[in-house]
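Hi,

Here is the structure I promised to pass on. Have a look at it first, and then read my notes underneath.

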Amino acid sequence: MRVVIARCQVDYGGRLTAHLPMAKRLIIIKSDGSVAVHSDDRAYKPLNWMSPPCTLTVLDAPQDLAATTADLDAEIDQVWMVKARSGDILQIAIAEIIDDHEYDLGIDPGLQKDGVEAHLQALLAENPQTFGKGYRLVRREFPTAIGPVDLLLRSDDGGYVAVEVKRRGEIDGVEQLTRYLELMNADPLLAPVRGVFAAQLIKPQAKVLASTRHIDCVTVDYDALRGIDNAEERLF
């Protein structure tokens, strides 16, 4: 990654045109070829950018973009011409480079989210009593002809319970569980199978639909499942 602080003006030409007058800005050139121009505000959003694949060429003089003003030509030391496959052009006319550093960040392992459905499912599998006393886990990802049910539980009375787990419970999740239940209840070795829709937040419309399908709704406290009961220990 190359990080440059420069006094520059920026012109974009393509499906639309845009002009940034001469000012001090942050320019980031990533190893994937993308180029982004930032100011000291607007949070994380760049003022202008070019997504990969694109090519960057350093020129001695500005190209013929209408926004480039002749009175600044004498100040301009070099021009970075960034071209996309679409033909769009990002021209960065640099009058002064204030700081210029390159860094090798290596391979990024990617964002690891806490509280995603897989984590919630794993916690519920470890704590089947969340759904009632006497429940035990039969299997995670129980297979059906149209996809796996998140959790298959069994109660003390021997009945099966199919659980669909979501972070945010909406109507489509209820519909998904309904289809699983239809298949499972057609199997004499499983029937009768009761359905439970579990989520950290369940929308009112989903609760109404679930009640018409005789599906129970359970709102899950993720932090409580992880053993975080003290409100002071919670981030939000």
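Below is what I found, starting with the core and ending with one helix.

Keep in mind that this is a predicted model. The largest nonpolar core has 19 residues, and at least two of them come from each of β9 (149-154), β10 (160-169), α2 (171-185), β11 (193-202) and α3 (204-212). The biggest share is from α2, which gives five residues. Apart from this core there is another one, of 18 residues, including Tyr-12, Cys-54, Leu-90 and Ile-92.

Back in the largest core, the residues with the most contacts inside it are Ala-162, Val-174, Met-184, Val-193, Phe-197 and Ile-215. Leaving out residues up to four places away in sequence, Ala-162 touches, among others, Val-149, Leu-152, Leu-177, Met-184 and Val-196. Phe-197 sits in strand β11. Its relative accessibility is 0%, so Phe-197 counts as buried, the cut-off being under 20%. From Phe-197 to Ala-210 there are 13 residues in sequence, and their C-alpha atoms are 7.8 Å apart.

Ala-210 leads us to α3, where Ala-206, Leu-209 and Ala-210 are buried. Looking down the axis of α3, you'll find its buried residues within an arc of 100°, so they line one face of the helix. Among the elements covering those buried residues are β10, α2, β11 and β12 (215-219). Pro-204, Val-208 and Thr-212 are exposed, on the face of α3 turned away from the buried side. Just after the helix α3 comes His-214, with a positive phi of about 60°.

Cheers

Note on methods
Residues numbered from 1 in each chain as written. Predicted model: local features only at pLDDT ≥ 70, side-chain atom pairs only at ≥ 80, totals over all residues. Heavy atoms only, no water. Core = buried A, V, L, I, M, F, W, Y, C linked by side-chain atoms within 4.5 Å. Buried < 20%, exposed > 50% of the residue type's maximum accessible area, 1.4 Å probe, protein only. Helix = DSSP H or I, 4+ residues; strand = E, 2+ residues; numbered from the N terminus. Contact = heavy atoms within 4.5 Å. Arc of directions from axis to C-beta.
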